[in-house]
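Could you walk me through this structure in the viewer, one selection at a time? Please tell me what to click on next and what is there.

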Amino acid sequence: MMENARRKFLKVAGISALGLSLGTKSVLNVFASADESADRRGKKTAAEITENKKALKAKHWGMVIDTRRLRTVGDLKPLIDVCHKIHNVPKFENSLHEIKWIWEDEYKHVFPTMESEYLADSIKHIPFLLLCNQCQNPPCVRACPTKATFQREDGIVMMDFHRCIGCRFCMAACPYGSRSFNFVDPRTGLDESGIFNEFPTRMKGVVEKCNFCAERLDVGKMPACVEASNGAIAFGDLEDPESDVRKLLKENFTIRRKQELGTEPSVYYIV
Amino acid sequence: MLELAVKGTKRYWSWVVLLLIIIGIGFSTYLMQLKTGLGITGMSRDVSWGFYIAQFTFLVGVAAGGVMVVLPYYLHHYKAFGRITILGEFLAIASVTMCLLFIIVDLGQPMRALNVIFYATPTSVLFWDMIVLNGYLFLNILIGWNVLEAERNNVPPPKWLKPFTYISIPWAIGIHTVTAYLYCGLPGRGFWLTAILAPRFLASAFAAGPALLIILCLIVRKLTKFDPGKEQIQSLAKIVAYAITINVFFFLCEVFVVFYSRIPEHMDHINYLFYGLHGKGALVPWMWASIVLMVIGIILLIVPTTRRNEAVLIVACIAVFAGTWIDKGLGMISGGFVPNPLHHVTEYAPTGPELVITLGVYGIGFLVLTLLFKMATGVKEEVSA
């Protein structure tokens with residue numbers, strides 16, 4: 001009963017495609033109209049939400065980042081830029097209000113528990129890509145008091161921006177600093193002409209983070225950073241032994257961030 | 001009994017009006033926060049909880065501290081505390097009210113607060129915290145009101161109240177335990193990730209709560225015809241002495257484990273608080289002041305001659321209250337966020353508007369406390385007259 005139409009909507013794969021197929025309507029509007037009509041007509045609307053046939057599916061989405069092929073800030077910039085562009089991630093002068101879904105940092109900050117003074121130069125000074133780890137055992141989901149952050153069956157940890165109360169318990173719970181909070185209206189940090197209509201902008205007072213491009217997977221596209229990486233980032237089903245990610249994991253030594261915490265990140269690094 | 005709260009001297013009303021002005025300023029600043037967002041505070045991506053949540057944490061302790069008068073009276077039949085249990089219960093009501101308000105002002109989307117009930121999530125400690133805090137508020141209103149009314153009518157409190165009174169004792173332990181669980185169950189926050197956190201919270205609560213109660217008792221004695229009693233105040237002082245000593249002992253246990261094991265994720269936070277990290281150490285003087293204040297409190301409360309001297313006792317209680325406030329209200333929350341999980345140091349300091357809103361919430365708490373204490377002392381004066 002509590003489960004409302006918007007949430008079902010978010011859970012069903014391929015919804016963005018519906019938004020696109022309606023042409024002029026933005027995804028946000030589709031959400032709104034679905035909510036309204038659901039109220040009026042009850043279950044009938046649910047039948048209209050259909051899955052996109054092109055949707056990419058997996059039992060457990062995972063990512064393998066080949067850091068041997070992403071060596072410089074310049075290598076990472078296009079990946080970061082495209083993500084922040086298509087997800088309407090705002091930019092603010094005040095660093096306290098910073099929002100980021102994907103960014104870069106040094107080894108000693110990315111893997112603070114594995115720091116060593118005599119680390120190879122080739123690793124010590126290169127930038128590493130950081131994003132939400134899409135943990136299989138996510139502390140943020142456990143901490144959230146409203147299920148505004150939840151885990152899909154394919155392992156992706158999602159945010160329901162319309163349910164989040166902004167308590168920021170998830171930010172305290174995340175051991176990777178992957179979450180950002182909208183301290184001010186995010187639209188004030190966006191260039192209006194540059195707003196990307198296929199993904200909703202947020203309101204102030206809610207938490208956001210990387211969603212493994214769930215909205216793109218649902219219409220058959222790979223995550224934007226993967227697409228922009230020229231093959232340096234592999235993305236696929238960790239439960240499928242034949243997948244690219246599994247092949248890479250079999251052939252290379254990989255590490256994950258703060259493995260000792262038992263959160264089971266789905267993002268692997270080849271170093 | 002409410003009528004007792006609206007009959008007062010000029011001094012009483014000036015105090016109420018002063019509080020209303022503070023509340024008004026705080027509330028209008030809160031409206032500004034509601035409009036602009038939490039960006040008007042000093043919080044950030046790295047230090048995502050600040051002054052509000054720290055005050056909430058500290059005040060849960062003060063609320064729980066009220067049980068230190070209820071427990072000896074109801075479980076040990078220590079008759080002397082019968083005179084002042086009502087003050088402990090009313091202090092708890094005012095404190096829990098502030099706790100709930102501090103959570104509300106900290107929310108990014110306060111209009112959605114009821115989502116915590118609509119989409120109840122038992123895996124979230126915040127869900128349980130909501131239950132225990134509201135439950136404790138309810139229990140104390142129920143018990144306090146009925147006990148006071150019975151006293152006024154010169155009859156024993158109704159029998160059906162007994163079970164609620166007994167439940168309220170473990171419940172008080174519960175509110176601060178659950179509040180500690182908000183923090184100590186989070187992986188990757190080395191400062192909080194310790195089983196001693198809940199016991200430490202309770203020890204500091206049972207020091208801060210009764211210390212404030214002693215100060216309030218002395219004020220009540222001065223301003224009204226009701227004397228809470230010398231014996232009562234001395235017994236409270238002994239409780240504060242034990243609790244503050246245990247609090248410092250627990251802290252030293254933590255310090256030993258952290259610095260003997262030398263595990264960086266646990267050590268860095270305490271280093272940041274007491275010595276500074278990467279050249280940043282805004283809280284260093286505060287933290288040392290907290291230690292000094294608590295040690296002064298311990299000495300003055302343990303030595304019988306100083307404890308028995310009420311003028312010195314006030315100093316001791318202020319030292320204990322201030323020391324535990326710095327410990328929990330300043331260091332405990334931002335200390336857990338600095339350094340951040342990526343070992344960057346982003347410091348936090350509350351902004352002006354943040355302090356004004358905080359003051360506004362304290363204003364509401366003190367107003368509730370004033371009205372309730374006015375009622376309680378009014379009844380006590382009536383009965384003895």
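Begin in chain A of this predicted model and select strands S8, S1, S10 and S9. These four strands make an open sheet, in the order S8-S1-S10-S9, with mixed pairing. Colour the two edges next: strand S8 (233-237) and strand S9 (254-255) of chain A each pair on one side only. As background, the strands of a sheet are held in pairs by backbone hydrogen bonds, in either a parallel or an antiparallel sense.

Now zoom in on the middle of the sheet. Strand S1 (residues 61-66) and strand S10 (residues 267-270) of chain A run parallel and share four bridges. Show side chains for two pairs here: A:Met63 is opposite A:Val267 in S10(A), and A:Asp66 has A:Ile270 of S10(A) as its bridge partner.

Which sense of pairing joins S9(A) and S10(A)? Here the sense is antiparallel, over two bridges. To find one of the pairs, select A:Ile255 and look across to A:Tyr269, its bridge partner in S10(A).

Before leaving the sheet, add helix H12 (residues 244-251) of chain A. Helix H12 lies across S1, S8, S9 and S10 of chain A, and its direction makes an angle of about 115 degrees with S8(A).

Next stop: a loop in chain A. Select A:Leu119, which sits in the loop between helix H6 (107-110) and helix H7 (121-124) of chain A. Is A:Leu119 buried, partly exposed or exposed? It counts as partly exposed because 14 C-beta neighbours lie inside 10 Å, while being buried would take 20 or more. Setting aside residues within four places in sequence, the contacts of A:Leu119 are A:Tyr107 and A:Lys124. If you like to try the distance tool, pick the C-alpha atoms of A:Leu119 and A:Glu106: the two residues are 13 apart along the chain, and these atoms are separated by 12 Å.

Now bring chain B into view and look at where it meets chain A. In this contact, 32 residues of chain B face 40 residues of chain A. On the chain B side, helix H5 (115-118) and helix H6 (125-152) each supply at least two residues. H5(B) gives the largest share, three residues. Colour that side of chain B by class and you will have 13 nonpolar, 15 polar and four charged residues.

Hide chain A and take in chain B by itself. Its secondary structure comes to 14 helices and zero strands. The C-alpha atoms fill a box of roughly 65 × 50 × 40 Å along the principal axes. For 385 residues, a compact globule would have a radius of gyration near 21 Å, and chain B agrees with this because its own value is 21 Å. Of the contacts in chain B with a separation of 6 or more, 79% join residues 24 or more positions apart.

Finish inside chain B, where buried residues make up 50% of the 385. Nonpolar side chains tend to be buried together in soluble globular proteins. Where should you centre the view in the largest nonpolar core? Try B:Val240 and B:Val320, the residues with the most contacts inside this core of 181 residues. Around B:Val240, leaving out residues up to four places away in sequence, you can pick out B:Ala207, B:Pro210, B:Ala211, B:Ile214, B:Leu301, B:Cys317 and B:Val320 as the residues it touches.

Note on methods. Residues numbered from 1 in each chain as written. Chains lettered and ligands numbered in written order. Predicted model: local features only at pLDDT ≥ 70, side-chain atom pairs only at ≥ 80, totals over all residues. Contact = placed C-beta atoms within 7 Å. Nonpolar A, V, L, I, M, F, W, Y, C, P; charged D, E, K, R; others polar. Pairing = 2+ DSSP bridges. Axes fitted to C-alpha atoms, helices over the stretch in contact; angles between N-to-C directions. Rg over C-alpha atoms; globule rule 2.2 N^0.38 Å. Buried ≥ 20, exposed ≤ 12 C-beta atoms within 10 Å, placed from the backbone. Core = buried A, V, L, I, M, F, W, Y, C linked by C-beta atoms within 7 Å.
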